[in-house]
Amino acid sequence: MSGCQINPNTIRPIRFFNGMCQMLDQRLLPAEEVWIDYTSCEGVAEAIRTMVVRGAPAIGVAAAIGVWFGVRDLETESCEEFYTEMEKICAVLAATRPTAVNLFWALERMKSFAKANLDRSVMELKIGLEYEALAITQEDEQLCIKLGRQGESLIPDGARVLTHCNAGALATAGYGTALGVIRAAVAAGKKISVIADETRPFLQGSRLTAWELQKDNIPVTLICDNMAGYLMSKGEIDCVIVGADRIAANGDVANKIGTYTVAVLAKEHNIPFYVAAPLSTIDLSLSDGSQIPIEERGAREITHVKDIQLAPEGIEVRNPAFDVTPNRLVSAIITERGVVTEHYLQNLSALF
Ligand code: MRU
């Protein structure tokens, strides 16, 4: 970890040490900071499904740990049988949330490690998989720091930056993607202020982005999602930066519902619209964004806030959790390996 400037107070939503894992319950923030212990694959799967842990890279990290929890108690001495059981464990985790490709990327990485080491003993496989999960966790924070440095020069001194959802430390192993770029710009001495969309219905903007930026003393102003256009029309937003859950080979970007609306507004007002995401979020197997599976969540997230009913009983509800922003609205995709501003089809695949 030498050479990296990690603030000792950095927010890390997943603690993985001594064979156990704790996750900060993101459903309860900002009112309560509650850590939950996890020791089983099923527990981790439930944490991903119910959004104790959320954000594409963090979901990937949690899934890798979940795989290790699942395999460590397998009793077989046969590596082939071990691998068959491991595939079942991965299937449980894969069924939690469909859009963030980092989940599937992490499961594939764990499986590839096992596959490449099937000539070893089951004990060695188990130890190796624990290290692999730990490596995925540590690498994620490191690559967010790199990504932040790659993107920082796009953010001018004095910029008022709009962000949507939470692509911060809470959505990764630490530091964040979109908020990582903002943190890097602040670390470079720029005066940056952030405008956070509240991000209905799960309120990642008001509950999480506002919370973590406030903790870091980065100026942040909260708005409702429907206020972004007004602020843009008044010249009060200089650029937009968001994260991503999955980026297709042509640069179409799936991110939190409402991102597309913000991108259209940014285009109308000639405001740069940046996407910050690690390579593990880019899915070269999908030629365009229409192939990205979009999660639909339950009606209650919209009809209620906690136990308060906001809509009539029995009302028809749609709750798509993500949307797809077409590449033509994206000014740049910032990754840990470089910034791509055009010809996404060729230039994104060239990063790999
Ligand atoms: O439903 P969520 O909270 O998991 O959605 C999170 C987002 O859409 C983030 O913007 C995305 O995962 C990028 S996180 C670095």
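Here is a short conversation about a predicted model and its sheet, one helix residue and its ligand.

Biologist: Happy to be looking at this with you! Which strands are the edge strands of the open sheet of seven strands?

Modeller: Good place to start. The sheet has mixed pairing and follows the order 6-5-4-7-10-15-16. An edge strand pairs on one side only, and that picks out strand 6 (220-223) and strand 16 (338-340).

Biologist: Thanks! In strand 15, which residue is the bridge partner of Ala-276?

Modeller: Strand 10 (residues 273-276) and strand 15 (residues 332-335) run parallel and are joined by three bridges. Helix 5 (residues 122-151) lies across both of these strands and strand 16 as well. For Ala-276, the bridge partner in strand 15 is Ile-334.

Biologist: Now to Thr-259: is this residue buried or exposed?

Modeller: Thr-259 sits in helix 9 (residues 259-268). Beyond its neighbours within four places in sequence, Thr-259 is in contact with His-164, Val-242, Phe-273, Asp-323 and Thr-325. Its relative accessible area is 1%, and the cut-off for buried is under 20%, so Thr-259 counts as buried.

Biologist: Lovely. And how much of the ligand's accessible area does the protein cover?

Modeller: Let's look at the surroundings before the number. There are 18 residues around the ligand, and among those that come nearest are Asp-245, Asn-255 and Lys-256. Arg-54 has a polar side-chain atom 2.8 Å from a ligand oxygen atom, Arg-97 has one at 2.8 Å, and Gln-204 also has one at 2.8 Å. Of the 420 Å² that the ligand has on its own, the protein covers 99%.

Key. Residues numbered from 1 in each chain as written. Predicted model: local features only at pLDDT ≥ 70, side-chain atom pairs only at ≥ 80, totals over all residues. Heavy atoms only, no water. Pairing = 2+ DSSP bridges. Helix = DSSP H or I, 4+ residues; strand = E, 2+ residues; numbered from the N terminus. Contact = heavy atoms within 4.5 Å. Axes fitted to C-alpha atoms, helices over the stretch in contact; angles between N-to-C directions. Buried < 20%, exposed > 50% of the residue type's maximum accessible area, 1.4 Å probe, protein only. Near = heavy atom within 4 Å. Polar contact = N/O pair within 3.5 Å; in protein donor to acceptor, adjacent residues only side chain to side chain. Areas by Shrake-Rupley, 256 points an atom, 1.4 Å probe, with all protein chains shown as cover.
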